Every structure is written in structure tokens, then in C-alpha cells.
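Today's notebook page is about aromatic rings and what they pair with. Here is the structure I had open.

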Amino acid sequence: MSSGVRHPLLSIAPGKLRPTQMTVGRAEVAQKRALWEKLGKKKRKEMLAQHWFPGVLGPKNQVYIVDHHHLGLALFEEGVKQVPVMIQRDFSWLEVPVFWHTMEFNRWAHPYDQHGQRQDYASIPLNLKDMADDPFRTLAARVRMAGGYSKDATPYSEFLWADFYRRNMKLKDGRVTAKTVQDALLFAHAHDTAYLPGWTGVIAQ
């Protein structure tokens with residue numbers, strides 16, 4: 001049994017990071033890549049220093065990140081060599097099934113696919129690059145950025161919003177347009193979404 005994490009802050013190649021969710025919004029990843037490409041060398045270094053990845057040590061000492069999946073994938077696709085990872089817990093001594101149950105109990109794993117359907121833990125990709133695109137995840141993020149709801153500490157809160165939109169809206173060709181976001185904003189300020197994290201109340205029309 002491990003006695004704790006000896007080196008809580010690690011420097012790891014993005015390609016070696018293990019995801020704890022199955023999907024991302026590819027449009028968000030593209031947006032983060034575009035922002036990165038505009039930064040100079042000094043600004044890139046500062047950004048990495050400010051955006052360390054929260055991680056957990058899993059079986060065989062694999063490093064699983066529990067947030068910043070979009071940023072991690074963007075940096076991987078941009079060819080970044082190393083990113084800072086702050087290890088939150090050391091679960092490396094656990095058997096694989098126990099590890100995943102423990103991760104989900106702590107709300108550090110989200111085994112749901114791009115259709116919002118729960119899958120086996122074994123279906124969670126081994127690499128960030130293999131996560132599937134969920135355009136409704138992108139829609140949820142755009143609605144939040146447009147002021148539709150507040151950023152909430154509830155883990156995977158944007159996935160809950162994405163699942164609501166998946167049930168109540170259609171995306172033509174899987175694309176999120178400005179008109180789609182406007183329509184989604186109306187839902188965000190309705191009673192129907194009052195149960196979702198970050199809901200900010202009804203706005204009179």
C-alpha cells in the first residue's frame with residue numbers, strides 16, 4: 001500500500017495523460033488551440049505555470065487527470081512536450097475495478113459517451129486523443145460563456161447541461177451556431193433547467 005505521494009507536482013507529456021471522461025467538445029479544443037497559437041513563448045510558459053492539471057495516480061502509476069481535458073487535448077495536438085500535473089491522491093495500489101469505483105465515488109470519473117449513455121469503465125479511452133466529440137458539450141460551454149448559467153463547483157456540471165440540451169434540442173450536422181446558442185439561452189433561463197448546477201433564474205421575456 002502506498003504511503004502517499006512523494007512528488008505531488010509532476011511534469012508529464014500530454015500524450016501520457018489518462019482521461020477520466022469519454023468525451024470533449026471538439027470545437028472547444030479548436031478554440032483553445034487557436035488561443036495557444038497566438039501566444040508568444042513567454043506567455044505560453046506563463047499559461048502552463050498557471051494551469052496545472054489536477055491528477056490522480058492510478059494502477060501501474062498511470063496519471064489520470066480529473067479536469068482540463070480540453071486544454072490537455074489542445075496542448076497535445078499543438079505538440080507541447082510537458083505539462084504540470086498536481087497529484088491529488090495516490091490510488092496506484094488499488095486493483096483496477098476498485099480504482100474506478102473509488103474515482104466515481106469521488107466524482108472524479110464520468111463514464112458516459114457522446115450520447116449521454118453510461119458505459120463500462122473499460123470504455124474510457126486510454127489517451128486524450130481518443131475521446132469522442134460531443135457537440136452538446138460544446139453547446140453547454142458556449143451557453144455558460146454567454147451568461148446562460150454560472151460556473152459551478154459541481155463536478156461535470158457542463159455535462160448535465162449538455163444532457164439537457166441533448167434531450168430538448170437538435171443540432172443540424174452536429175454544428176453549434178450562434179442561432180443555436182441563442183435558442184439554448186432561452187432554455188437556460190427557464191424553469192425547466194432550474195435543477196441544473198449554476199442556474200441563475202428566470203429572465204422575463
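These are my entries on ring pairs, burial and a charge over a ring.

Entry 1. I'm working from a predicted model, so everything below is computed. I wanted a total before any detail: how many aromatic pairs are there? I got 11 aromatic pairs.

Entry 2. I looked up Tyr 64 and Trp 100. Their ring centres sit 5.4 Å apart and the planes make 90°, so I logged the pair as edge-to-face; the cut-off for that label is over 60 degrees. Where do the two residues sit? Tyr 64 is in strand β4 (residues 63-65) and Trp 100 is in helix α4 (residues 96-105), so the pair ties together parts 36 residues apart in sequence.

Entry 3. Buried or exposed, I asked of Tyr 64. Tyr 64 comes out buried at 7% relative accessibility, and Trp 100 is buried too, at 8%. Buried means under 20% here.

Entry 4. Next I checked Trp 161 with Tyr 165. This pair is tilted, with 6.3 Å from centre to centre and 35° between the planes. Both residues belong to helix α6 (residues 157-168) and are 4 residues apart, about one turn of the helix. Trp 161 has a relative accessible area of 0% and is buried; I noted 0% and buried for Tyr 165 as well.

Entry 5. I followed the ring pairs outward from there. They link Trp 161 and Tyr 165 with Tyr 149, Phe 164 and Phe 187 into a cluster.

Entry 6. Last, I looked for a charge over a ring. Arg 137 lies over the face of Phe 159, 5.1 Å from the ring centre.

Note on methods. Residues numbered from 1 in each chain as written. Predicted model: local features only at pLDDT ≥ 70, side-chain atom pairs only at ≥ 80, totals over all residues. Heavy atoms only, no water. Phe/Tyr/Trp six-rings, centres within 6.5 Å; stacked < 30°, edge-to-face > 60°. Buried < 20%, exposed > 50% of the residue type's maximum accessible area, 1.4 Å probe, protein only. Lys NZ or Arg CZ within 6 Å of the ring centre and 35° of its normal.
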